[in-house]
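This report walks through a single protein chain, beginning with its interior and moving outward to its strands, its covalent link and its loops. Please keep the sequence and the model in view while reading.

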Amino acid sequence: QVQLVESGGGLVQAGGSLRLSCSASGSIFSTNPMGWYRQAPGKQRELVARISSGGRTNNADSAKGRFAISRDNAKNTVYLQMNSLKPEDTAVYYCNIELVGRTYWGQGTQVTVSS
């Protein structure tokens, strides 16, 4: 099986920063794309950022200029550096990894930004 373990979520004041980490384990390879999604109450899960095996990234418009995704292929780990956080960033953040035929998700970690 494939498992994703996240860390780094929490409560932060507006304008602050958080760094989320997610490590994948199991039958995986370092070439798999990984990403971060989030889901706020009453809303659908949405893409925050995604990074390919080659290091190409794709950020949601709401995250551009503030969030940065990166990965350490040797550790099968993806990071999300979040700066200049806003209350509207409050959500449960999920990491994922895209394998052939299936996408695996982490358990989600709560990020709360106070005003």
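## The nonpolar core

In this predicted model, the largest nonpolar core holds 28 residues, and the members that touch the most other members are Trp36, Leu80, Met82, Tyr93 and Ile97. Two or more residues of this core come from each of β1, β3, β4 (34-39), β5 (46-51), β7, β8, β9 and β11 (109-114). Strand β9 makes the largest contribution, with five residues.

Methionine 82, one of the residues that touch the most other core members, can be described further through its contacts. When neighbours within four places in sequence are left aside, methionine 82 is in contact with Gly16, Ser17, Leu18 and Leu20, as well as with Arg66, Phe67, Tyr93 and Val111.

## The chain as a whole

The chain has 11 strands and zero helices, and its pattern along the sequence accordingly reads β-β-β-β-β-β-β-β-β-β-β. The radius of gyration is 13 Å, close to the 13 Å that the globule rule gives for 115 residues, so the chain is as compact as a globular protein of that length. Along its principal axes, the C-alpha trace spans about 40 × 25 × 20 Å. Of the 115 residues, 43% count as buried. Among contacts between residues at least 6 apart in sequence, 53% join residues that are at least 24 apart.

## An open sheet of four strands

Which strands make up the open sheet, and in what order do they lie? The sheet has four strands in the order β1-β3-β8-β7, and their pairing is antiparallel. Its edge strands are β1 (2-7) and β7 (67-72), each of which pairs on one side only. From one strand to the next, the twist averages 15 degrees. As a general matter, strands of a sheet pair through backbone hydrogen bonds, in either a parallel or an antiparallel arrangement.

Strand β8 (residues 77-82) pairs in the antiparallel sense with strand β3 (residues 18-26) over six bridges, and six bridges also join β7 to β8, again running antiparallel. Five of the six residues of β8 are buried, so this strand is largely enclosed by the rest of the structure. The residues that stand opposite each other across these pairings include the following.

| Residue | Partner in β8 |
|---|---|
| Cysteine 22 | Valine 78 |
| Serine 23 | Threonine 77 |
| Arginine 71 | Valine 78 |

Valine 78 therefore appears twice in the table, because cysteine 22 has it as a bridge partner and arginine 71 stands opposite it, within strands that are DSSP runs. In the hairpin of β7 and β8, four residues lie between the strands, and asparagine 76 takes a positive phi near 50 degrees there.

## The disulfide

The structure holds one disulfide, which is formed by cysteine 22 and cysteine 95, with their sulfur atoms 1.9 Å apart. The link is right-handed, with 40 degrees about the S-S bond. Cysteine 22 lies in strand β3 and cysteine 95 in strand β9, so the pair ties together parts that are 73 residues apart in sequence. Both of these cysteines are buried.

## Two loop residues

Is aspartate 89 buried or exposed? Aspartate 89 is found in the loop between β8 and β9 (91-99), and it counts as buried because its relative accessibility is 1%, where the cut-off for buried is under 20%. Not counting residues up to four places away in sequence, aspartate 89 touches Arg38, Arg66, Phe67, Ser84, Val111 and Val113. Of these, Arg66, Phe67 and Val111 are also found among the contacts of methionine 82.

Serine 53 has its place in the loop between β5 and β6 (57-59). At 35% relative accessibility, serine 53 counts as partly exposed, a value that falls between the limits of 20% for buried and 50% for exposed. The C-alpha atom of serine 53 is separated by 13 Å from that of valine 100, a residue 47 places away along the chain.

Definitions and conventions: Residues numbered from 1 in each chain as written. Predicted model: local features only at pLDDT ≥ 70, side-chain atom pairs only at ≥ 80, totals over all residues. Heavy atoms only, no water. Pairing = 2+ DSSP bridges. Axes fitted to C-alpha atoms, helices over the stretch in contact; angles between N-to-C directions. Buried < 20%, exposed > 50% of the residue type's maximum accessible area, 1.4 Å probe, protein only. Contact = heavy atoms within 4.5 Å. Disulfide = S-S within 2.5 Å. Core = buried A, V, L, I, M, F, W, Y, C linked by side-chain atoms within 4.5 Å. Rg over C-alpha atoms; globule rule 2.2 N^0.38 Å.
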